[in-house]
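Below are some notes on this structure, set out as numbered points for discussion at the bench. Please read them with the sequence and the coordinates open beside you.

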Amino acid sequence: MISRRNPWDVLLNHVNVMGDGAGPTSVHMSGGTTGHVLNNNFMSDFRDMMVAYYELCSIVSLDVMRHISCGLGIRPSIPQGGYDPCMDYDYDFFTPFHSRKDFDLQAKYYPRLGAATRVRQGVAVQNAQSPQNPDGVRVLRRKGAKTTPLAPEAAPGADAAAPAVRLDTHKDLSTITLLSQDAVGGLEVWDEEKQQFTTVPVLEDALLVNAGVFLEKWTGGLIGATPHRVRNVRDGSSRCSIVFFALPNHDAKIEPLLQQDDNPATDAEDGFLAGDLMPTP
Ligand SMILES: O=C(O)CCC(=O)C(=O)O
Ligand SMILES: [Fe+2]
C-alpha cells in the first residue's frame with residue numbers, strides 16, 4: 001500500500017542531520033553488536049519518528065476507510081423514496097467518526113524466548129551451579145510459591161519449553177488496524193473459508209489491514225473483525241511489530257448500516273457509543 005522500509009530499521013538506523021552538530025555516535029547494542037550509527041539526539045529522533053509514523057498511518061487509515069465506504073456502496077441518506085442512482089457514493093461515511101484521531105500506535109518488542117522462560121516462580125539472579133541446576137540459575141521464590149524444577153537447557157536452535165503462541169487469538173478493538181511485522185514473522189490470520197489460520201507473509205512494501213470490532217458492528221457483521229494471533233517461530237527469536245489501531249471518537253454513535261432491502265423497523269440492533277466498548281482509564 002505504501003512503500004516503506006522495515007520500521008525498526010528506519011528507527012535504529014536513523015541519523016538526525018538536524019542534530020546538535022556533534023556528529024553521529026556509535027552505539028553498542030545488546031548482544032555485543034556495534035554498527036547502528038545514531039545521533040546523540042536519538043530519543044527525540046525516536047519521538048519524531050513515531051509521531052511521523054502515527055501521522056502517516058492516520059492518513060492511510062482514513063483513506064482505507066474511504067475505500068471500504070465505497071466498496072460497501074454506502075450512499076448519502078435520502079429522507080424518502082429510496083436512493084437516487086445518480087447520487088455518488090458517500091466516501092466519507094466513516095471518516096467523520098474518526099475526526100479526533102484518538103488513534104493508538106504501539107511499537108511492540110517480543111523478547112527472545114529462552115532461559116528466562118524456564119524460571120516460572122521467580123527471577124533468575126546469579127549463577128550457582130549444582131547437579132539439580134546444571135545451568136546455574138538461581139531463583140528467588142515468592143513466599144508460598146511452589147518450586148518448579150528447572151527444565152534442562154534446550155539444544156541451541158531448539159526451544160521445547162517455549163510456548164507455541166506469543167499472542168493469543170483475538171480481534172482488535174479498532175475500526176481497522178494497520179500492522180507491520182519484522183522479518184521474524186509469526187503473525188497468522190483466521191481464514192473463515194478454510195477454517196484455519198493462515199500465515200501472513202513478511203511484507204516489505206505493504207501494511208496488513210485487519211478489520212476491527214467497530215467495523216464489524218457498523219457493517220452488521222458483513223465485514224467480520226479478523227481473528228489473528230502471533231505464533232512463536234524461529235525458535236523463540238525476539239520479534240518486533242508496529243501496530244496502529246484506528247479508533248472512532250469516544251462519542252461516535254455507531255449504528256449498524258442497513259442493506260438496501262432491510263426494513264429499519266425490523267432492525268434489532270440498536271446503536272451504541274464507541275466509548276462504551278473502550279476500556280476506561
Ligand atoms: O505483533 C503483532 O504482529 C500483532 C499484534 C496484535 O495483534 C495486537 O497488538 O493487537
Ligand atoms: Fe491484534
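**Notes on a predicted model**

1. When the whole structure is searched, nine aromatic pairs are found, and it should be kept in mind throughout that this is a predicted model. One of these pairs is formed by phenylalanine 93 and tryptophan 218, whose ring centres are 6.4 Å apart with the planes at 75°, so the arrangement is edge-to-face. The two partners come from distant parts of the chain, phenylalanine 93 from the loop between α2 (42–71) and β3 (104–110) and tryptophan 218 from helix α3 (residues 213–218), with their positions 125 residues apart.

2. Both members of that pair are shielded by the protein: phenylalanine 93 is buried at a relative accessible area of 17%, and tryptophan 218 is buried at 0%. Because buried means under 20% relative accessible area, phenylalanine 93 at 17% falls within the buried class.

3. Tryptophan 218 has a further partner in phenylalanine 97, and here the ring centres are 5.1 Å apart and the planes stand at 55°, so this pair is classed as tilted. Phenylalanine 97 lies in the loop between α2 and β3 while tryptophan 218 belongs to helix α3, so the contact ties together parts of the chain that are 121 residues apart in sequence. Phenylalanine 97 itself is partly exposed, with a relative accessible area of 22%. Taken together, ring pairs join Phe93, Phe94, Phe97 and Trp218 into a cluster.

4. Histidine 98 is also placed in the loop between α2 and β3, and it is buried, its relative accessible area being 1%. Its side chain reaches the backbone oxygen of phenylalanine 94 at 2.8 Å, and phenylalanine 94 is one of the residues in the aromatic cluster just described.

5. Turning to the metal, which residues coordinate the iron ion (ligand 2)? The iron ion (ligand 2) is held by His170 through NE2, Asp172 through OD and His228 through NE2, at 2.1 Å. Along the chain, these donors follow the spacing H-x1-D-x55-H. As for their cover by the protein, histidine 170 counts as partly exposed at 25% relative accessibility, whereas aspartate 172 is buried with a relative accessible area of 4%.

6. Ligand 1 has 13 residues around it, of which Lys108, Tyr110, His170, Arg239 and Ser241 come nearest; His170 is also a donor to the iron ion (ligand 2). Polar side-chain atoms approach oxygen atoms of ligand 1 from several residues, with lysine 108 at 2.5 Å, arginine 239 at 2.8 Å and aspartate 172 at 3.1 Å. The protein covers 96% of the 290 Å² of accessible area that ligand 1 has on its own. Aspartate 172 therefore deserves attention on two counts, since this buried residue is a donor to the iron ion (ligand 2) and also has a polar contact with ligand 1.

7. Which strands supply the shell around ligand 1? At least two residues each are supplied by β3, β6 (165–170), β11 (228–231) and β12 (239–246), and the largest share, four residues, comes from β12.

8. Two arginines are placed over aromatic rings. Arginine 239, which has a polar side-chain atom 2.8 Å from an oxygen atom of ligand 1, lies over the face of tyrosine 110 at 5.0 Å from the ring centre, and both of these residues are among those that come nearest to ligand 1. In the other case, the charged end of arginine 229 sits over the ring of phenylalanine 197, 3.9 Å from its centre.

9. Two leucines may be worth checking in the viewer. Leucine 72 is found in the loop between α2 and β3 and counts as partly exposed, at 27% relative accessibility; its C-alpha atom is 9.3 Å from that of leucine 222, although the two residues are 150 residues apart in sequence. Leucine 62 is in helix α2 and is buried, with a relative accessible area of 13%, and its C-alpha atom is separated by 17 Å from that of isoleucine 254, which is 192 residues away along the chain.

How values were computed. Residues numbered from 1 in each chain as written. Chains lettered and ligands numbered in written order. Predicted model: local features only at pLDDT ≥ 70, side-chain atom pairs only at ≥ 80, totals over all residues. Heavy atoms only, no water. Donors = N, O, S within 2.8 Å, 3.2 Å for Na, K, Ca; no water. Buried < 20%, exposed > 50% of the residue type's maximum accessible area, 1.4 Å probe, protein only. Phe/Tyr/Trp six-rings, centres within 6.5 Å; stacked < 30°, edge-to-face > 60°. Lys NZ or Arg CZ within 6 Å of the ring centre and 35° of its normal. Near = heavy atom within 4 Å. Polar contact = N/O pair within 3.5 Å; in protein donor to acceptor, adjacent residues only side chain to side chain. Areas by Shrake-Rupley, 256 points an atom, 1.4 Å probe, with all protein chains shown as cover.
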